Every structure is written in C-alpha cells, then in structure tokens.
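Below is a report on a two-chain model, read from its contacts, sheets and backbone.

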Amino acid sequence: MTRLMLEQGRVDDFIRHLQAQRPVYAPRRKGQSSYVFAPVDDPNDVVLDYPRTLHSVKKYFLPPREELLNFNLKANSYGQPEIETANAIMLGVHSYDMHAVLRLDYNLAKGNKERNYFARRQGTLFIGVSFSPDKFHFSGSLGISPYDTTGFDLFLYKVDKGFALEIITAMGEKLLSGFDLPALGVPLPPHGEFQQHIYVPQSKLSEVFDHSQENAVWEEEAARCVSCGTCNMVCPTCYCFDVEDEVDVRVVEGTRNRRWDACMLRDFTEVAGGEVFRHKSAARQRHRVYRKFKYISDHTGEPWCVGCGRCTAYCTANISIVSIVNRLVNDYEKDSTARLPQTQPIIDRAREGHSDPAGEAKDLYSPVMAEIKSVQQMTDLEKLFEIQLPDGAELNHKPGQFVELSLFGAGEAPISISSSPAKKGVFDLGIRKVGRLTEMMHRLQPGDRVGIRGPFGNGFDLEKLKGKDVLIIAGGIGLVPLRSLINTVIADREAYGRLIICYGSKSDQELLFGNERKMWDEDPSIEFHVTVDRGSPDWTGKIGVITTLIPELALDLERTIACICGPPIMYRFVLLALKSKRFPEENIYLSLERRMKCGVGKCGHCQINNSYVCQDGPVYHYPAIKGLKEAL
Amino acid sequence: MSAKTAQFITIRLSRASRRRSKMSKKARVAIFDFTGCEGCELNHLNFEAQLLDILEHVEIVEWREAMDEKADGYDIAFVEGSLSTPDCITRIHKIRRKAKFLVAVGACAVIGGVNAMKNTRPSEEIREEVYGKDKYLFPSLPALPLSAVVKVDFNVRGCPMTQIEFLKVFTALVMGKMPVEPDHSVCVECKLKENECVYDKGMICLGPVTRAGCDAHCPSFGQYCYGCRGLVSEPNLKAMEEILVNHGLSMDEAHKRLLLFNANQIEGVTS
C-alpha cells in the first residue's frame with residue numbers, strides 16, 4: 001500500500017486542487033465549540049482535526065427538511081421539485097460516519113428504493129480523515145477503527161507534520177491526478193485508543209437484547225430523560241421522517257414537506273383517533289436502542305449504531321447509550337450462568353460494508369390523481385366513496401390492504417380499501433371523519449379528484465382461507481377493511497366453507513353498510529350476527545359488546561379461520577373470548593391500526609418492534625405477534 | 001386536535017365548498033384583548049406584506065386596536081391576553097357565545113403567560129403592593145388562560161405570537177382544516193437547523209420541555225429558550241430541573257426558571 005505525504009502546509013493547496021474539480025464540503029467551526037459540514041469557500045475555514053460534527057454528512061442526502069411535492073389547490077395538480085445530485089467531494093469524513101452512510105444506503109433501498117435519497121447521494125466522492133477518540137466515541141466496539149477506510153475514495157491519516165494520504169479507489173486516484181505528492185517514508189503511527197467500550201460482539205448483543213425487554217434500565221433512564229428527541233436528531237443512522245402539507249396565505253399554492261422525525265417523541269406514533277402506541281418514555285427509549293442493536297441488526301448481522309457518540313455527547317441529561325448497553329450485558333450475565341466472551345477494543349466486523357439491495361430507485365411519494373365517482377353517507381360520521389383511477393385502471397389490491405389518500409393542503413392518511421377486488425373499474429374507501437384530512441374528504445363531491453398511492457400492506461392471505469370456514473369479527477369501522485374480505489368470499493362462495501360474520505358497533509345509528517347488511521342477513525349461506533353497545537328505542541337486535549356474540553357460535557375449531565379488525569381495545573377481549581372457546585391461536589389473523597405515514601417502510605411511524613405495519617402488516621398471524629411488546 | 005374537535009368543525013370556509021355553494025361571503029373575524037402587553041395584537045398590524053391576501057378571505061368586524069365597530073357575531077375570534085378580573089370572565093363568555101371558532105393568541109391567552117407568575121403569591125399581598133389602600137376598588141383574579149374558562153378551539157402560542165404561525169393557523173381555518181399544533185420539543189427544530197446546543201454555549205435553556213412551532217427562534221439568535229410557548233404534554237419536569245441543576249442553577253432557581261411562563265401548568269391553574 002503506497003501512502004503519500006501531505007504536509008500540513010500543502011493542505012490548502014490540496015483543497016484548492018479538489019475545488020477545481022467539484023464542489024467540496026468539509027467540517028468547519030460553528031458556535032463556540034461545535035463543528036458542522038459546510039460547503040467550502042475558503043480552504044482556511046476547513047478543520048480536519050475535530051471530534052465530531054453536529055450532523056453527519058447524511059444531511060446532504062436526506063436533508064433535515066425537504067420539499068417532496070409542490071401543488072396548486074385551484075388546479076388540484078402537483079409537480080416535483082428537481083432533485084439536485086450533490087456530485088460533490090465530502091472531505092474530512094470520519095470512518096463511523098462513512099459506515100453510517102452505508103447503513104442508510106441499505107435502509108433507503110430495502111423493500112422500496114427511494115429515488116430522492118439515491119439521486120442526491122450517487123456520484124459523491126468521500127475523503128476520509130482519521131480521528132482521535134474522545135470520551136464519547138466507541139466505534140471501535142462496533143468494528144470501526146479510526147483508520148477504517150471502508151467506503152472512501154481517499155483517506156487521510158493524521159501523522160506528525162501533516163497527513164498520510166492513501167488512495168483507495170480509482171476515482172480517488174483520478175481526483176489526485178496533477179497534484180504530486182512524495183511517498184511517505186515511515187510507517188503509520190498507531191491511532192488513539194478508545195475510552196468507551198461495549199465489550200461484546202453483535203452476535204452476542206442480539207442474544208442479550210432478546211432478554212432485555214423488561215430490564216429496569218428503561219424505566220431508570222426514562223426518569224432522567226426529557227424526551228426532547230435530540231438523540232434521534234443527531235444520529236447518523238436515524239432516517240425516520242414526518243410529512244406535512246403547508247399552504248400559502250392566499251390558499252392557492254403549497255408544498256408537501258418532510259422533515260426528520262424522532263421515535264423518542266411522544267407524538268411519533270399517535271394516530272388520528274388520539275391513541276399513542278408507545279406512550280411511555282421508557283418504551284420509546286427501548287425502541288430507540290433496539291433499533292440500533294437488535295431490530296435491523298438481526299437482518300444484517302451488524303450493529304446499526306456506528307459509535308459516533310453524538311446521542312450521548314449532545315444529551316443534556318447525560319444519558320449514555322454505552323452505559324445502557326453495558327448495563328443490559330451485565331444484567332444478562334448475572335441472570336445467565338454463561339459469561340459472554342470479552343472481545344478486543346476494536347472488534348471484528350461481521351461483514352465488509354453493505355451492498356444496497358438491488359433495484360431501481362423509484363419516486364415513492366407522488367400520488368396518482370383519481371376521481372371520486374360517488375359518495376354515500378353511511379352514518380353521521382362515515383361516508384363511502386367510490387374512486388376511479390385514471391383511464392379506469394384497476395387498483396389490483398388484496399382484501400386487507402390500504403391506500404394512502406392524499407388531499408393537497410391536508411396531507412396523506414392511510415385508508416383501508418373497502419371493496420372486494422372482484423369489483424372492477426372503481427374501488428371503495430369507507431372513511432370516518434376523525435381528523436384534518438378526513439374532515440376535508442367528507443366535503444368532496446363526485447367529480448372531485450384525490451391523490452392515491454398504493455395499494456400497500458400485505459392483506460389477507462386468501463390461500464390460507466380457501467376451503468376453510470371464515471369467521472369475521474369486526475368492531476366499529478373495523479368492518480371497513482373486512483367488508484373487502486367478506487365480499488371477496490361471497491364473490492367466490494364455493495371456494496370457502498361457512499361464512500360467519502360477527503359485527504359490533506357502539507349504537508345502531510353507527511352501523512355501517514346498511515344495504516349489504518340486509519343482504520348478508522337474508523343470504524342463507526351467511527351466518528350474520530350483529531350487536532350494539534347501546535340500542536335506540538326501535539332497535540330490535542342484540543345489545544351487548546361484541547364479545548357476547550362469540551360464546552354462542554358453534555364452530556368447527558379445526559377448520560375455522562378468524563379474521564379480526566376493530567379498535568385497539570377490542571383485540572384483548574375478543575382474543576380472551578376466543579381462548580375460552582379453545583379456538584386455536586394459529587387460526588387467528590388480526591389487522592392492526594398504526595400511524596402508517598409513508599406506506600413504503602421508510603418513515604418509521606408504524607413500526608412494532610422490527611416489523612413495519614405498512615409492509616409486513618397490517619394483517620398479522622396471531623402467533624407471530626402474540627408475545628410482541630407494543631403489538632396488542 | 002382530538003376527534004371531538006373534528007366533529008366540532010361545521011364552518012364551511014374552503015374555496016371549493018364556497019364555490020360550490022356560490023357563497024361569496026368572507027369569514028368574519030374579530031380580534032380581542034385581555035390582560036397582556038398587546039404585543040401579539042401589535043404583531044397583527046405588522047402583516048403589511050400579507051394583509052391584502054388576508055383580506056381577500058376575511059372581513060375584520062371588530063378590533064379595538066385598529067377600528068371601533070361592534071359586531072353581533074363572527075366566524076373566528078382571535079383573543080389575546082389572560083383573564084385576570086371578574087369582568088374578563090363575563091367578556092370572554094360573551095365572545096365565546098358569538099364566535100364559531102375561538103383562537104387563543106399568545107402566551108397569556110394560551111397558558112396565562114408571565115402574568116401567571118403572580119398566581120404563586122397570595123392575591124391580597126399583590127393587590128396591596130400594586131394598588132395600595134385602594135385595592136378594594138380593583139377586584140382581581142389569578143391570571144388564567146382562556147381555556148380555564150371557555151372552550152378554546154386552537155392556540156397560537158408564543159410571547160409574542162409569531163406571524164408565521166399565526167398565518168399557518170389562519171390559513172388552515174380558511175381552508176376549513178384543523179391547524180396542526182406540534183407536541184414535541186423546541187430541540188427538534190433547533191437540531192433541524194443544526195444549531196449549536198445552547199448548553200454547549202455555557203447557557204441553560206428550556207428548549208427540551210418547551211413546545212416547538214417557533215422554529216427555535218431564540219436559540220437560533222444566540223438566546224436561550226425561555227419557555228414562552230408552554231410545555232409539551234406530559235413533560236418530565238423533575239428531569240428538566242435536574243438538567244438545570246447539573247448545569248449550575250440551584251434547585252430553587254431551576255424551579256423559578258420553569259415558572260416564568262408555565263406557572264399555571266406547573267403549579268396548577270388557580271381559580
């Protein structure tokens with residue numbers, strides 16, 4: 001390996017040589033004691049010896065705030081801002097931040113490859129610089145040494161009187177051409193030692209985290225945590241985001257913007273009805289740390305933390321992620337007889353980098369403009385909309401899937417598809433007025449246009465249902481997605497056994513799909529049971545919560561599949577009622593509600609442990625989520 | 001905003017629906033003030049750049065600071081100031097009855113503001129200090145946010161409220177959608193701007209427990225966050241005080257620092 005000597009006195013010339021080829025970004029001072037990456041104007045401003053920058057270079061590929069779409073409310077149309085490829089040189093990047101970029105490449109490509117990120121990131125060249133570990137760095141414990149050159153084109157090692165420059169790639173060599181440097185005559189000095197350590201490799205950490213859900217550390221740290229979200233905001237591997245529409249004061253034009261979001265914030269998982277799925281600060285802290293060492297790591301074999309130390313260095317409450325992890329390790333060792341193997345200060349990495357999953361980067365966030373064909377008022381709060389895609393295209397959905405409904409100015413919301421795929425030309429959305437978007441939706445008329453993305457989610461697996469008795473348990477608007485399944489079964493009636501529908505609602509005024517209920521009730525091939533919590537004086541049907549219907553059902557337990565959807569509180573009681581009937585757990589499927597903001601497995605809001613509800617759900621096989629914290 | 005608020009919205013102000021119902025009527029807006037410095041109200045007058053655009057959508061029917069008409073009813077009432085006398089209570093009820101939407105504007109109206117600091121001391125003592133022997137001529141109440149007395153539909157927070165945020169709420173109401181009120185810390189916005197942490201400048205800051213929405217204005221200009229926008233919901237005040245103490249304040253100072261704007265939320269609304 002040839003290394004060249006870049007004397008301190010020639011660093012400015014070196015930067016000018018780079019600037020002549022491409023825009024250069026490098027660290028510079030900000031404020032009293034901080035550093036930030038910024039476009040280089042004067043090479044004198046560049047600081048190559050720095051502990052860490054406030055944000056990593058992530059900000060150039062996944063900007064803190066970004067305009068996804070711009071729209072015109074009068075024309076009900078939208079355009080996309082052009083995404084500029086940075087095509088730049090990132091100079092002075094530390095090895096852990098380079099590893100963080102490689103991790104983002106993986107996340108933003110997995111499942112759906114996001115165009116916005118990759119369009120910006122492609123072609124960027126990276127010049128690394130070594131760092132002296134301070135009291136917060138611990139990247140060595142994650143297999144990333146200060147001299148790690150993975151991902152770089154050129155690398156600068158801090159040596160006496162300047163830098164040793166190493167050429168890593170052909171692109172790096174090309175950058176250097178025309179700038180002559182002498183060879184370095186002496187070997188590299190050893191790099192500085194880390195002061196912070198997690199002495200356990202990822203494979204063992206995974207085992208530790210398997211047993212740490214209930215550890216007292218979560219509550220203890222939560223007592224000191226103010227849930228400000230800073231740890232997420234400064235993390236180079238965090239990529240969750242929120243999306244919001246903004247409209248100008250003339251109410252004519254607006255933009256759909258995304259910004260970084262933080263899973264430590266209370267409102268992160270809040271859904272339109274007001275439910276917060278990780279309500280406690282301790283649960284949010286646990287989710288954050290599991291995201292770094294367990295959930296993604298189980299897929300990739302590597303920790304998803306790079307040891308930059310930002311979350312700890314910038315925490316005003318001095319909460320340390322290293323202390324949390326070491327506490328979990330110690331407690332696990334205490335509880336189990338086997339001691340975990342101690343590793344070296346710089347552990348071996350499981351793999352060399354990550355190749356981002358193949359596939360073409362796609363525009364994930366632009367809706368197609370569809371037309372409302374009809375609107376039917378079902379109850380005071382619910383309307384049923386028939387929607388037609390441009391040119392009468394089919395949605396090609398499965399029962400149980402959802403779409404992201406988009407109204408410019410109000411934003412997007414996940415809405416279950418209520419019609420069976422057997423219905424051609426249009427599809428149905430049954431929508432309750434509960435939030436800003438649905439409120440606006442309720443004012444629209446046939447002929448108005450709305451944005452649609454999707455279908456998203458897994459839907460019910462019809463192959464598992466065929467030949468079986470189908471038991472539908474629907475609470476309130478849980479009937480909306482299940483209606484799609486019911487009508488699918490009805491359309492192919494021979495393929496299934498008995499069809500048993502249990503439907504519960506708060507009151508008879510709130511019962512949905514009046515005409516169809518009558519048909520289901522009269523159809524001899526359907527066993528239809530309805531109950532309401534409170535009946536009006538002329539209600540002659542059953543009164544009681546939905547669980548009161550279950551004991552009376554005569555079921556062939558071996559051949560019945562239960563498909564359940566309703567408000568979060570309903571699941572626990574319905575599952576208890578089924579259990580007391582000895583209903584087999586492996587025959588239960590549930591559709592869960594979460595805040596599915598992006599629909600494509602990126603924004604992070606709908607996550608339950610390592611599962612993205614918008615991708616892996618919303619329909620779950622009960623045994624798969626039975627023991628899962630935060631699921632039910 | 002909750003589902004209840006969603007149902008509450010009956011006003012039809014969006015362009016689309018107006019076009020459909022062939023309604024040309026503009027939204028009738030009134031502006032009121034209670035106990036406060038009138039800084040927020042003055043800020044309304046600074047909308048020179050946007051005023052014509054605003055007036056395309058609304059007709060201002062009552063505003064003491066700029067006009068002297070008295071209206072019978074209004075679609076939106078923007079109310080500034082806290083409630084601190086029995087007369088205030090009567091007036092706010094009257095306004096609520098006449099308004100379809102009531103928007104609290106500024107820290108005093110939303111959380112009681114700095115006025116509420118007086119709530120932590122005995123009322124008699126304060127009245128004597130201010131009015132001397134004539135104190136019986138000036139009945140006084142603890143300084144209350146509007147929401148302690150009437151239903152408030154939306155908040156425009158801050159001391160003073162910012163034009164950007166006011167326009168956001170205003171635009172949302174004109175569109176007929178509910179404005180979004182952030183429920184996370186100022187730190188989030190501060191970090192989005194990549195500001196150096198105020199604590200790293202050697203100062204203390206209430207950003208970690210204060211509601212965002214100001215785009216971290218003060219920390220972006222070398223100041224610390226005073227907490228004028230009120231606390232996030234479910235704030236961990238004990239942890240916040242500990243942070244302040246760890247950064248050099250005494251426990252008493254830390255507590256007082258938090259009370260500056262948030263006396264009502266921390267000590268409870270006294271009424």
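## Polar contacts across the interface

In this predicted model, 17 residue pairs are in polar contact across the interface of chain A and chain B, with both partners at pLDDT 80 or more. On chain A, six elements give two or more residues to the side that touches chain B. Three are strands: strand 3 (34–39), strand 10 (241–247) and strand 11 (253–260). The others are helix 7 (217–224), helix 8 (230–233) and helix 13 (436–441).

Strand 10 of chain A gives the largest share of that side, with 4 residues. Sorted by class, the side of chain A that touches chain B has 25 nonpolar, 17 charged and 11 polar residues.

## Contact and buried area

The contact draws 53 residues from chain A and 50 residues from chain B. Together the two chains bury about 4,400 Å² between them. Carbon and sulfur atoms account for 56% of that area.

Which three residues supply more of the area that chain A buries against chain B than any other three? They are A:Val249, A:Thr316 and A:Arg443, with 16% of the chain A area.

## Salt bridges

The search of the whole structure finds 63 salt bridges over all chains. Between chain A and chain B the count is 6.

One salt bridge joins A:Glu244 to B:Lys168, with the closest N and O atoms 4.0 Å apart. This pair crosses between chains, from strand 10 of chain A to helix 8 of chain B. The cut-off for a salt bridge is 4 Å, so the stated distance for A:Glu244 and B:Lys168 sits at that limit. Another salt bridge pairs A:Arg266 with B:Asp183. Here the closest N and O atoms are 3.4 Å apart.

## The four-stranded sheet

Strand 10 of chain A also belongs to an open sheet of 4 strands. The order is 5-4-11-10, and the pairing is antiparallel. Strand 5 (77–79) and strand 10 of chain A are the edge strands, each pairing on one side only. On average, neighbouring strands of this sheet are turned by 25 degrees against each other, direction ignored.

Strand 10 and strand 11 of chain A run antiparallel and are joined by 7 bridges. Within strand 11 of chain A, A:Arg256 stands opposite A:Asp245. Both strand 10 and strand 11 are among the elements listed for the side of chain A that touches chain B.

## The six-stranded sheet

Chain A has an open sheet of 6 strands in the order 15-14-17-12-13-16. Its pairing is antiparallel. Strand 15 (411–416) and strand 16 (427–432) of chain A form the edges, and each pairs on one side only. Neighbouring strands of this sheet are turned by 40 degrees against each other on average, direction ignored.

Which residues stand opposite A:Leu405 in strand 15 and in strand 17 of chain A? In strand 15 of chain A, the residue opposite A:Leu405 is A:Ala413. In strand 17 of chain A, A:Ile452 stands opposite A:Leu405. Strand 14 (residues 402–407) pairs with strand 15 of chain A over 6 bridges, in the antiparallel sense. Strand 14 of chain A also pairs with strand 17 of chain A, again antiparallel, over 4 bridges.

Strand 12 (residues 368–377) and strand 17 (residues 449–456) of chain A pair in the antiparallel sense over 4 bridges. There, A:Met369 has A:Gly451 in strand 17 of chain A as its bridge partner.

## Backbone exceptions

Most peptide bonds are trans, and most residues other than glycine have a negative phi. Some places in this model depart from that.

A cis peptide bond joins A:Gly617 and A:Pro618, with omega about 0 degrees. A:Pro618 sits in the loop between helix 18 (613–616) and strand 26 (619–621) of chain A. In chain B, the peptide bond from B:Cys159 to B:Pro160 is cis, with omega near -5 degrees. B:Pro160 lies in the loop between strand 5 (154–156) and helix 8 (163–175) of chain B. That helix 8 of chain B also holds B:Lys168, the partner of A:Glu244.

Where is A:Phe513 placed in chain A? A:Phe513 is in the loop between strand 19 (499–507) and helix 16 (514–522) of chain A. A:Phe513 is not a glycine, yet its phi is positive, at about 55 degrees.

Conventions: Residues are numbered from 1 along each chain as its sequence is written. Chains are lettered from A and ligands numbered from 1 in the order in which they are written. This is a predicted model: local features need pLDDT of at least 70, side-chain atom pairs count only at pLDDT 80 or more; totals for chains, interfaces and linings use all residues. Side-chain values use heavy atoms; hydrogens and water are left out. Contact means heavy atoms within 4.5 Å. Buried area is the accessible area (1.4 Å probe) that two parts lose on being put together, summed over both. A salt bridge is a side-chain nitrogen of Lys or Arg within 4 Å of a carboxyl oxygen of Asp or Glu. A polar contact is a pair of N or O atoms within 3.5 Å; within protein, one must be able to donate a hydrogen and the other to accept it, and residues adjacent in sequence count only if both atoms are side-chain atoms. Ala, Val, Leu, Ile, Met, Phe, Trp, Tyr, Cys and Pro count as nonpolar, Asp, Glu, Lys and Arg as charged, and the others, Gly among them, as polar. Two strands pair if DSSP finds at least two bridges between them. Axes are lines fitted to C-alpha atoms, for helices over the stretch in contact, and angles run from 0 to 180 degrees between N-to-C directions.
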